[in-house]
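Me: I'd like a close look at a single part of this model, please. Take your time and keep it connected.
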Amino acid sequence: MKHILTILTAIALCSLPFTAQAQSEEDYLPKAGDLGLSVSANPISQIINTSSTQPLVSIAGKYMVSDKSALFLNVGWIYNYNHYNYYADDDAALYLDPFSRAKVIDTEENQITGLNVSFGGERRIGKGKVQGVFGGGIMYAFSYNDTRYSYGNAITSINQQPSISDDLLYIADIDDLDVPGVSYQRYLSEFNTTPTHYIGLTGYAGVEWFVAPKVSVGAKLYLTAAYRFSSGDYYTAEGYNYLTGQVEEWTELLRPSYHGFRFNRDNVGMDISFNFYF
């Protein structure tokens, strides 16, 4: 038995150099002429709940121009969803009992969808399995923004201006209404019929850890500066019309076309990626 263990140990020790050679650091790293595929997720896009430019998930293709540099094309899906509940006084309960503390729930739902495309170059530094990466390029994105509201107290002929949550008072209006016969309105939705467009520059810096030959896990922080333009936003509102004796809905232009440079928390993102080279 001792002789067998000695022989097996000797074989194992002799095989170590060959194993190390077969999986040397050079074998782990991409080379000039290699193609790359990256699949990434951006958790910050959900934390920053108004992001209109940062993709939630992305797929990128790379071409290694040299051992240390590459060209990339990235396509990302922009998606963000938030649902908020707010308490408001229960008007029906207050009618029956002026001291009632009963509440109803108002809701706000916001959804942003779109696409982000970027093209540029990347440079990597380091010689080991853990390498720094940085790069940048041009970016184009478009997104749709849709917000919907619902209320616990309905508008009726008796209760023409029902209670709503303090958090939603900014979408209720009693002044400068353009609808004849309506003295109070509240929003049911805000939306754009055409997308908002973004054109700008993007840059990033991060790290890749090669866990297997030409397979890596990466993380990078990136920053975007973009110029945006839109054809305008609309809203749908409801209110009681004393001329017709009915609760009516209508759609109006909320704000006309707008454009300008955008640089705020929407422009910050972080990717966690799985990268494959072949």
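How much space lies in the largest pocket, and which residues line it?

Reply: Happy to help. This is a predicted model, so local features need pLDDT of at least 70 and side-chain atom pairs count only at pLDDT 80 or more, while totals for chains, interfaces and linings use all residues. Residues are numbered from 1 along each chain as its sequence is written, and side-chain values use heavy atoms, with hydrogens and water left out.

About 560 Å³ of space lies in the largest pocket. A pocket here is an open set of points on a 1 Å grid over the protein atoms alone, with protein on both sides within 12 Å along at least five of seven lines; a cavity is a set of points where a 1.4 Å probe fits but cannot get out, and lining residues have an atom within 4 Å of a point. Grid points are joined across faces, edges and corners, and a volume is the space filled by probe spheres set on the points.

The pocket has 26 lining residues, and N110, N145, T147, E190 and R255 lie nearest its centre. At least two lining residues each come from β3, β4, β5, β7 (185-191), β8, β11 (246-255) and β12 (258-262). Strands are DSSP runs of E with at least two residues, helices are runs of H or I with at least four, and both are numbered from the N terminus. The largest share, 5 residues, is supplied by β5. By class, the pocket lining has 9 nonpolar, 10 polar and 7 charged residues, where Ala, Val, Leu, Ile, Met, Phe, Trp, Tyr, Cys and Pro count as nonpolar, Asp, Glu, Lys and Arg as charged, and the others, Gly among them, as polar.

The enclosed space makes a useful companion to the pocket. A search of the whole structure finds 1 cavity of 30 Å³ or more, and the volume of the largest cavity is about 350 Å³. Of its 27 lining residues, N74, Y204, K220, Y222 and D271 are the closest to the centre. Among the elements that give two or more residues to this lining are β3 (69-89), β4 (103-125), β5 (130-150), β8 (196-212) and β9 (215-230). With 5 residues, β9 gives the most. The cavity lining divides into 9 nonpolar, 13 polar and 5 charged residues.

Two of those central cavity residues also meet each other: the charged end of K220 sits over the ring of Y204, 5.1 Å from its centre. For this, NZ of Lys or CZ of Arg must be within 6 Å of the ring centre and within 35 degrees of the ring normal. R186 likewise has its charged end over the ring of Y151, 4.0 Å from the centre.

Back to the strands: I125 is found in β4. At 49% relative accessibility, I125 is partly exposed; buried means under 20% relative accessible area, exposed over 50%, and partly exposed in between (1.4 Å probe, protein chains only). Leaving aside neighbours within four places in sequence, I125 is in contact (heavy atoms within 4.5 Å) with K68, Q131, G132 and F134. I125 and V207 are 82 residues apart in sequence, and their C-alpha atoms are 9.3 Å apart in space.

For the wider setting, the chain has 4 helices and 13 strands, and 40% of its 278 residues count as buried.
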